Amino acid sequence: MKKNVGGLDKNIRIGLAIIIFAAGLYFQSWWGLIGFGPLLTGLFSFCPLYAILGINSCKVKSTKS
């Protein structure tokens with residue numbers, strides 16, 4: 001699994017997951033479990049949808065000789 005989620009994208013996903021979990025608890029709804037999607041993609045730095053679409057938000061490392 002090649003990483004395709006960069007730093008800012010990762011932080012946004014984890015923050016969004018926390019908000020979704022909190023909303024699920026507040027409204028006492030199982031819909032809060034949807035927060036696992038952004039949480040897992042943020043923690044593992046891999047998004048299957050990004051892989052399908054060919055998107056990569058990771059910084060490109062430059063090679064200097």
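## The buried side of H2

Let's start with helix H2 in this predicted model. Pro38, Leu39, Thr41 and Gly42 are the residues to look for here: they are buried in H2. What do the buried residues of H2 pack against? Their partners are H1 and H3.

H2 itself covers residues 36–44, and H1 covers residues 7–26. H3 runs over 48–53. Keep those three ranges handy as you click through the structure.

## How H1 and H2 sit together

Two packed helices are described by the angle between their axes and the distance between the axes. For H1 and H2, the angle is about 150 degrees, and the axes are 8 Å apart. Are the two helices roughly parallel or roughly antiparallel? An angle over 145 degrees counts as roughly antiparallel, so that is the label H1 and H2 get. Their crossing is left-handed.

Which residues make the contact? On the H1 side you'll find Lys10, Arg13, Ile14, Ala17, Ile20 and Phe21. On the H2 side, the contact is made by Phe36, Pro38, Leu39, Thr41, Gly42 and Leu43. You've met some of these already: Pro38, Leu39, Thr41 and Gly42 are the buried residues of H2 listed above.

## Rings that pair up

Now for the aromatic residues. The structure holds three aromatic pairs, and one of them joins Phe21 and Phe36. Their ring centres are 5.1 Å apart and their planes meet at 75 degrees, so this pair is edge-to-face. It links distant parts of the chain, with Phe21 in H1 and Phe36 in H2, 15 residues apart. Are these two residues buried, exposed or partly exposed? Phe21 has 24% relative accessibility, so it counts as partly exposed. Phe36 is also partly exposed, at 41%.

Another pair is made by Tyr26 and Phe27. Here the ring centres are 4.9 Å apart and the planes are at 85 degrees; since anything over 60 degrees counts as edge-to-face, that is what this pair is called. Both Tyr26 and Phe27 are exposed.

One more ring is worth a look, this time with a charge as its partner. The charged end of Arg13 sits over the ring of Tyr50, 4.9 Å from the ring's centre. Arg13 is also one of the H1 residues in the contact with H2.

## Lys10, looking out from H1

Lys10 is found in helix H1. Its relative accessibility is 27%, so it counts as partly exposed. Leaving out residues up to four places away in sequence, Lys10 touches Val5, Gly42, Leu43 and Ser45. Gly42 and Leu43 are among the H2 residues in the helix contact.

Try comparing sequence and space as well. Lys10 and Leu40 are 30 residues apart along the chain, and their C-alpha atoms are separated by 9.8 Å.

## Cys47 and Asn4

Where would you find Cys47? It is in the loop between H2 and H3. Cys47 has a relative accessible area of 8%, so it is buried. Not counting residues up to four places away in sequence, it touches Asn4, Val5, Arg13 and Thr41. Cys47 and Lys3 are 44 residues apart in sequence, while their C-alpha atoms are 8.1 Å apart in space.

Asn4, one of the residues Cys47 touches, is in the segment before H1. It is buried, because its relative accessibility is 5% and the cut-off is under 20%. Leaving aside neighbours within four places in sequence, Asn4 is in contact with Ser45, Phe46, Cys47, Tyr50, Ala51, Ile55, Asn56, Ser57 and Cys58. Tyr50 is the residue whose ring has the charged end of Arg13 over it.

## Two residues with positive phi

Finally, check the backbone in two loops. Gln28 has a phi near 50 degrees, a positive value in a residue other than glycine. Gln28 lies in the loop between H1 and H2. With a relative accessible area of 76%, Gln28 is exposed.

Ser45 isn't a glycine either, and its phi is positive at about 55 degrees. You'll find Ser45 just after H2, in the loop between H2 and H3. Is Ser45 buried or exposed? Its relative accessible area is 4%, so Ser45 is buried. Both Lys10 and Asn4 are in contact with Ser45.

Key. Residues numbered from 1 in each chain as written. Predicted model: local features only at pLDDT ≥ 70, side-chain atom pairs only at ≥ 80, totals over all residues. Heavy atoms only, no water. Phe/Tyr/Trp six-rings, centres within 6.5 Å; stacked < 30°, edge-to-face > 60°. Helix = DSSP H or I, 4+ residues; strand = E, 2+ residues; numbered from the N terminus. Buried < 20%, exposed > 50% of the residue type's maximum accessible area, 1.4 Å probe, protein only. Lys NZ or Arg CZ within 6 Å of the ring centre and 35° of its normal. Axes fitted to C-alpha atoms, helices over the stretch in contact; angles between N-to-C directions. Parallel < 35°, antiparallel > 145°, perpendicular 65-115°, else oblique. Left-handed = near helix turned anticlockwise from the far one by under 90°. Contact = heavy atoms within 4.5 Å.
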